Amino acid sequence: MPLRPHGIGLFGGTFDPIHVGHLRTALELKQAFNLEEMRMIPSAWPPHRLTPFGSVNHRLKMLQLALSEQVEQGLIADDIELGRSGPSYTLDTLSEIRARVGIEASICLCLGIDSFADINTWDKWRSLLDIAHIVVAKRPGWGEPKNQEVLEFMKKWRATSIKQFHEAPAGKIFIMKTTPLRISSTEIRSALLKKEPTSCLLPDTVANYIKENELYQKTRDIL
Ligand code: ATP
């Protein structure tokens, strides 16, 4: 069966700051699922975690800088959540994107397994599969989810092949092994605070932006 031509990927995150773990994972998922593009969406007001340390404008700017080198690869910064007030619910974002792309196109909501592990705390989480597929990238240090509800959800909707993803626009879950990169924004913020090198963890453009704007230099910016 031919692959659906209009599949798009959505990769949300706090991106505080964006790092190579995000970029490489997003790219590998885009390739593996033959997606037309991977839209990377900074969360303005993440409902499930503490307020980000970097302002939303800084986080978006860093994402745009990182992705300006990845346009040909089909990685695109999308500020769709910045126009809305209140918490940035993924279901609202999916509904907006579904309205944009029509009912036929596959939408793949991509996330790391640490985020998937507590997906049952997200607003109307079971409805996410009505609008999109969910692609979960493994991440070093994180095993299978432990929560029983999440495990049952995963078992019920898990696809056994990528082919199943291309047979419907939404409704399946796929756990994907990508290049394991033990990189996190938390560790980067902590290294910046301690003036330790962060080379090769971040694109140079992002590292320079952090330096020029003196981001993540005070304890309250990090912890
Ligand atoms: P923090 O350390 O501040 O929690 P983070 O590095 O986990 O940040 P986020 O912006 O919270 O980055 O993550 C956005 C998405 O990217 C999440 O779904 C997360 O699971 C995934 N992700 C982040 N880093 C990696 C990585 N190294 N490998 C695979 N997925 C990742």
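## A tour from S184 to S106

Start by selecting S184: leaving aside residues up to four places away in sequence, S184 touches H19 and R139. You'll find S184 in the loop between strand 6 and helix 8. With 14% relative accessibility, S184 counts as buried, since the cut-off for buried is under 20% relative accessible area.

Before you go further, remember that this is a predicted model. Colour it by pLDDT: the protein averages 91, and 91% of the residues score at least 70. Among the elements, helix 5 (residues 128-131) has the highest mean pLDDT, at 98, while helix 7 (residues 162-165) has the lowest, at 83. Where pLDDT is low, don't read the predicted coordinates in detail.

**Next stop: the ligand**

Keep R139 on screen and show the ligand. A polar side-chain atom of R139 sits 2.9 Å from an oxygen atom of the ligand. Now add I183: one of its polar backbone atoms is 3.1 Å from a nitrogen atom of the ligand. Then add R189, where an N or O atom in the side chain is 3.1 Å from an oxygen atom of the ligand.

How much of the ligand does the protein bury? Taken alone, the ligand exposes 600 Å², and the protein buries 92% of that. To see which elements give two or more residues to the shell around the ligand, select strand 1 (8-13), helix 1, strand 4 (107-112), helix 4 and helix 8. There are 21 residues around the ligand, and those that come nearest are H22, G112, D114, S185 and T186.

**Along helix 8**

Select residues 185-193, which make up helix 8. Which of its residues are buried? They are S185, I188, R189, A191 and L192. Look down the helix axis and you'll see why they belong together: these buried residues fall within an arc of 160°, so they line one face of helix 8. Two of the names will be familiar, as S185 is among the residues nearest the ligand and the R189 side chain makes a polar contact with the ligand.

Bring in the neighbours too: helix 1 (20-32) and helix 9 (204-212) are among what covers the buried residues of helix 8. Just after helix 8, click on K195, which takes a positive phi of about 60°.

**Over to helix 6**

Now select residues 148-157, helix 6, where V150, F153 and M154 are buried. Down the axis of helix 6, the buried residues fall within an arc of 95°, so they line one face of the helix. Swing round to the other side of helix 6 and you'll find Q148, K155 and K156 exposed.

What do the buried residues of helix 6 pack against? Show helix 4 (113-116), helix 5, strand 5 (133-137) and strand 6 (173-176) to see their partners. Then zoom in on the start of helix 6, where a side-chain oxygen of N147 reaches to within 2.8 Å of the backbone nitrogen of E149.

**Last stop: S106**

Finish at S106, in the loop between helix 3 (90-101) and strand 4. Is S106 buried or exposed? S106 is buried, with a relative accessible area of 3%. Show its side chain as sticks and add A168: the backbone oxygen of A168 is 3.2 Å from a polar atom of the S106 side chain. For a final distance, pick the C-alpha atoms of S106 and N57, which are 49 residues apart along the chain and separated by 30 Å.

Key
Residues are numbered from 1 along each chain as its sequence is written. This is a predicted model: local features need pLDDT of at least 70, side-chain atom pairs count only at pLDDT 80 or more; totals for chains, interfaces and linings use all residues. Side-chain values use heavy atoms; hydrogens and water are left out. pLDDT is the predictor's confidence in each residue, from 0 to 100. Helices (H or I, at least four residues) and strands (E, at least two) are DSSP runs, numbered from the N terminus. Buried means under 20% relative accessible area, exposed over 50%, partly exposed in between (1.4 Å probe, protein chains only). The arc is that of the directions from the helix axis to the C-beta atoms. Contact means heavy atoms within 4.5 Å. A polar contact is a pair of N or O atoms within 3.5 Å; within protein, one must be able to donate a hydrogen and the other to accept it, and residues adjacent in sequence count only if both atoms are side-chain atoms. A residue is near a molecule or strand if one of its heavy atoms lies within 4 Å of it. Accessible areas come from the Shrake-Rupley method with a 1.4 Å probe; for residues, only the protein chains shown count as cover.
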